[in-house]
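Here are a few short exercises to work through with the model open in your viewer. Try each task before you read its solution.

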Amino acid sequence: EHLRAFVQLKSASADGRTGGERPVIDEDDIDFEQAFADLKLPLADGSVTLRAGRQNLLYGAQRLISPLDWTNTRRTFDGGKASFSFQPHTLDLFVVRPVIVDEGPLNSSDDDQLFAGLYDTIALPARFGTAAKLDLYALFLDEEHAPFFQGPADQERYTLGARLSGNPKPFDYDLELAYQLGEAGAGDISAWSVAAELGYRFADAPLAPRFFLGFDAASGDDDPADDDLQTFDQLFPLGHAYFGYIDAIGRQNILDLHPGVILHFTDKLSLRAEYHLFRRQSTRDAVYTAAGGILRAPAPGGSDSRDIGSELDLLLNWQASRHLLLYAGYSRFFAGDFLESTGPSDDIDFAYAAIQYTF
């Protein structure tokens, strides 16, 4: 009644790929994706579940904490979590280490990173919209030899944030704010992130279009010559959902305005079209990838352009049955002035198709 054990295996492979090393490993021949035990205990006004072992973490809109479904090898963590459920709150406390994917032996956790957090999800009254929620969180990342544009350094970083979301039809909204502080090397951390999306669906119009406008911003460093750091750390995100499906850009030193529309041909067939305009928040900091690495660093006395580029994303979804989902997409990244003036700047084309069967 109170005890549960769960084990999930995975096998991930990739064949026929050409090119150099990638920032994430695509292959993991056989390993444990999750392996944990739960102990659920009643409380006066709810319950608490204690979990220990290897586990996925997923919070809010996955902007900062996600299992990263898009990759061939999903993200997971080793550690412990306590989940308290008492209306209208769902409160989690966790202390974990991220698991390092190794295509050879069994994966182990990263001793150089400790990740802990307090995450409270509060269900809001109906006047805020269907399934309206307020998320409040405080996160802590202790990382040795963290990679920065200025060079590797140990960091202790705190993230304080809030997210408000809901669906007062025909509108929907999502707003998230985060601020980071702490120490990196000999300097202090002061960084921020803002994310917002507002949508409106014309349910009675042909194709029942939902138009939306999104904006994402994250701070960059204002002076690489000093010890203080203003570059936002995106932590463990699902960047794929927010900065274009090519995954060229991450939530660091970025301004991204992205309008779009979703057309519904039937209840089960839809087309999503979105356009991203990417700019650097700070002209003295680098452009970062979806994995958090440096895509292009500014050269001393080089380009001060903010223009990174733009991206067009088209995605066709077909929910063929309760269990079967098929989707296909095409994306193109158009290099902007900063990339063109600082190195290779060919545009990128990306086409893909997938079949997903859920048991």
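**Exercise 1. Find the residues that line the largest cavity, then sort them by character.**

Step 1. Keep in mind that this is a predicted model. Going along the chain, the lining of the largest cavity starts with the run Tyr59, Gly60, Ala61, Gln62, Arg63, Leu64 and Ile65. Tyr119, Tyr137, Leu139, Arg163 and Glu176 complete the lining.

Step 2. Now sort them: the lining divides into seven nonpolar, two polar and three charged residues. Gly counts as polar in this scheme, and Gly60 is one of the lining residues.

Step 3. For the volume, you should get about 70 Å³ for the largest cavity. The whole structure has three cavities of 30 Å³ or more.

**Exercise 2. Work out what lines the second largest cavity, and which elements give two or more residues to that lining.**

Step 1. The volume here is about 50 Å³.

Step 2. Pick out the lining: Arg63, Leu64, Tyr137, Glu176, Leu177, Ala178, Ser193, Val194, Ala195, Phe232 and Arg251.

Step 3. Map those residues onto the elements, and β10 (171–184) and β11 (187–201) turn out to give two or more residues each.

Step 4. By character, the lining of the second largest cavity has seven nonpolar residues, one polar and three charged.

Step 5. Look back at the first exercise: Arg63, Leu64, Tyr137 and Glu176 line the largest cavity, and these four names also turn up in the lining of the second largest cavity.

**Exercise 3. Trace the salt bridges of Arg54 and say which parts of the chain they link.**

Step 1. Start with a general point: side chains of opposite charge can pair when their charged atoms come close.

Step 2. Check the distances. The side chains of Asp31 and Arg54 meet in a salt bridge at 3.6 Å, N to O. Asp31 sits in strand β2 (residues 28–43) and Arg54 in strand β3 (residues 46–55), so this pair links distant parts of the chain, 23 residues apart.

Step 3. Arg54 also meets the side chain of Asp78, at 2.7 Å, N to O. Asp78 lies in strand β4 (residues 77–86) and Arg54 in strand β3, so the pair ties together parts that are 24 residues apart in sequence.

Step 4. Buried or exposed? Asp31 and Arg54 are buried, and Asp78 is buried too.

**Exercise 4. Compare that with the pair Asp347 and Arg332: where does each residue lie, and how accessible is each?**

Step 1. The two side chains form a salt bridge at 3.3 Å, N to O.

Step 2. Asp347 is in the loop between α1 (337–342) and β19 (348–357), while Arg332 is in strand β18, so the pair ties together parts 15 residues apart in sequence.

Step 3. Asp347 has a relative accessible area of 33%, so it counts as partly exposed. Arg332, at 23%, is partly exposed as well.

Step 4. For the wider picture, the structure holds 21 salt bridges. Lys10, Asp28, Glu33, Asp69 and Arg74 are linked in a network of them.

**Exercise 5. Locate the nonpolar patch on the surface and place Phe334 in it.**

Step 1. Select Leu213, Phe215, Leu257, Tyr275, Leu277 and Phe334; together they have about 470 Å² of accessible area. β12 (210–218) and β14 (269–279) are the elements that give two or more residues to the patch.

Step 2. Phe334 lies in strand β18 (residues 324–335). Its relative accessible area is 31%, so Phe334 is partly exposed.

How values were computed:
Residues are numbered from 1 along each chain as its sequence is written. This is a predicted model: local features need pLDDT of at least 70, side-chain atom pairs count only at pLDDT 80 or more; totals for chains, interfaces and linings use all residues. Side-chain values use heavy atoms; hydrogens and water are left out. Patches are made of residues with over 30% relative accessible area and no salt bridge: like charges are joined within 9 Å, nonpolar side chains (Val, Leu, Ile, Met, Phe, Trp, Tyr) within 5 Å. Accessible areas come from the Shrake-Rupley method with a 1.4 Å probe; for residues, only the protein chains shown count as cover. A salt bridge is a side-chain nitrogen of Lys or Arg within 4 Å of a carboxyl oxygen of Asp or Glu. Helices (H or I, at least four residues) and strands (E, at least two) are DSSP runs, numbered from the N terminus. Buried means under 20% relative accessible area, exposed over 50%, partly exposed in between (1.4 Å probe, protein chains only). On a 1 Å grid over the protein atoms alone, a cavity is a set of points where a 1.4 Å probe fits but cannot get out, and a pocket is an open set with protein on both sides within 12 Å along at least five of seven lines; lining residues have an atom within 4 Å of a point. Grid points are joined across faces, edges and corners, and a volume is the space filled by probe spheres set on the points.
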